[in-house]
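Work through the exercises below with the sequence and the coordinates at hand, and try each task before reading its solution.

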Amino acid sequence: MLLVMKNMVVSVHYELKVDDNGQLVTADKSAPENPLVFIQGSGMLLPEFESNIAGKTVGDSVDFSIKAENGYGLHSEENLAQIPIDSFKDKDGNIDTNMVRPGSVLPMMDQNGHQFQGLVREVTDEIVVMDFNHPLAGKDLNFSVTIVDVRAATAEELEHGHVHGPGGHHH
Ligand SMILES: [Zn+2]
């Protein structure tokens, strides 16, 4: 039986729960037909995620928690930005108040064309306060993971640093 270890292609089902006002709620979950597939040790997943499933095999289930600081980091005020309201106006000077309002998540793009998301925290006549912390920043991550497949990565997969075939790249 193959064990989860470095350079194995691992398929898992997982559920991630985080605290929301004193209650654990599901933040993310793999779909039954669509397990998460990754190369163990390739740096795709959180290091503590990998260390908690190391040595497991198909059929094993494991529950574990990862502290926020080892997960998506702590919530930092440094990741808040005040952006001039003019940046949110269309060419006619109008603002889409359905989108630009506190609580809404906006797609943004940096100078290099990378897309990311920001949460609108506050809107004034002058500025929009955007929160660019990861949505799970400051949250302890509670995972339930079941191993559904383990196989050796091919030389090509290791060279590319990603999985080929089902759940991976097709190219
Ligand atoms: Zn490839």
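## Exercises on a predicted model

**Exercise 1.** Determine how β5 is joined to strand β8, and find the residue that stands opposite Ala81.

*Solution.* The coordinates come from a predicted model. Begin with the pairing itself: β5 and β8, the latter covering residues 127-131, run antiparallel and are joined by five bridges. Then look along β5 for Ala81, which has Met130 of β8 opposite to it.

**Exercise 2.** Place this pair in its sheet, and explain why β5 and β6 each have one side without a neighbour there.

*Solution.* First write down the strand order, which is β5-β8-β7-β6 in an open sheet of four strands with antiparallel pairing. Next consider the edges, where β5 (80-84) and β6 (105-109) each have a single partner strand, so that one side of each is left without a neighbour in the sheet. Finally, the twist from one strand to the next averages 45°.

**Exercise 3.** Describe the surroundings of β6, taking its burial, its partner and its hairpin in turn.

*Solution.* For burial, the count of buried residues among the five residues of β6 is zero, and the strand is hardly covered. For the partner, five bridges pair β6 in the antiparallel sense with strand β7, residues 115-123, and Pro107 stands opposite Gln117 in β7. For the hairpin of β6 and β7, five residues lie between the strands, and Gly113 takes a positive phi near 85°.

**Exercise 4.** Is Ala68 buried, partly exposed or exposed, and which residues is it in contact with beyond its neighbours within four places in sequence?

*Solution.* Locate Ala68 in the loop between β4 (61-66) and β5. A buried residue needs 20 or more other C-beta atoms within 10 Å, and an exposed one has 12 or fewer; Ala68 has 17 C-beta neighbours inside 10 Å and therefore counts as partly exposed. With those sequence neighbours left aside, Ala68 is in contact with Leu74, Gly138, Lys139 and Asp140.

**Exercise 5.** Identify the residues with the most contacts inside the largest nonpolar core, and then relate the chain to its domain assignment.

*Solution.* The largest nonpolar core has 19 residues, and Val9, Val10 and Ile147 have the most contacts inside it. At least two residues of this core are supplied by each of β1 (8-20), β3 (36-39), α1 (47-53) and β9 (141-152). Beyond its neighbours within four places in sequence, Ile147 has contacts that include Val10, Val12 and Ile53. The domain assignment gives domain 1 (8-72 + 138-160) and domain 2 (77-131), and their C-alpha centres lie 32 Å apart.

How values were computed
Residues numbered from 1 in each chain as written. Predicted model: local features only at pLDDT ≥ 70, side-chain atom pairs only at ≥ 80, totals over all residues. Core = buried A, V, L, I, M, F, W, Y, C linked by C-beta atoms within 7 Å. Contact = placed C-beta atoms within 7 Å. Pairing = 2+ DSSP bridges. Axes fitted to C-alpha atoms, helices over the stretch in contact; angles between N-to-C directions. Domains from an automatic or database assignment.
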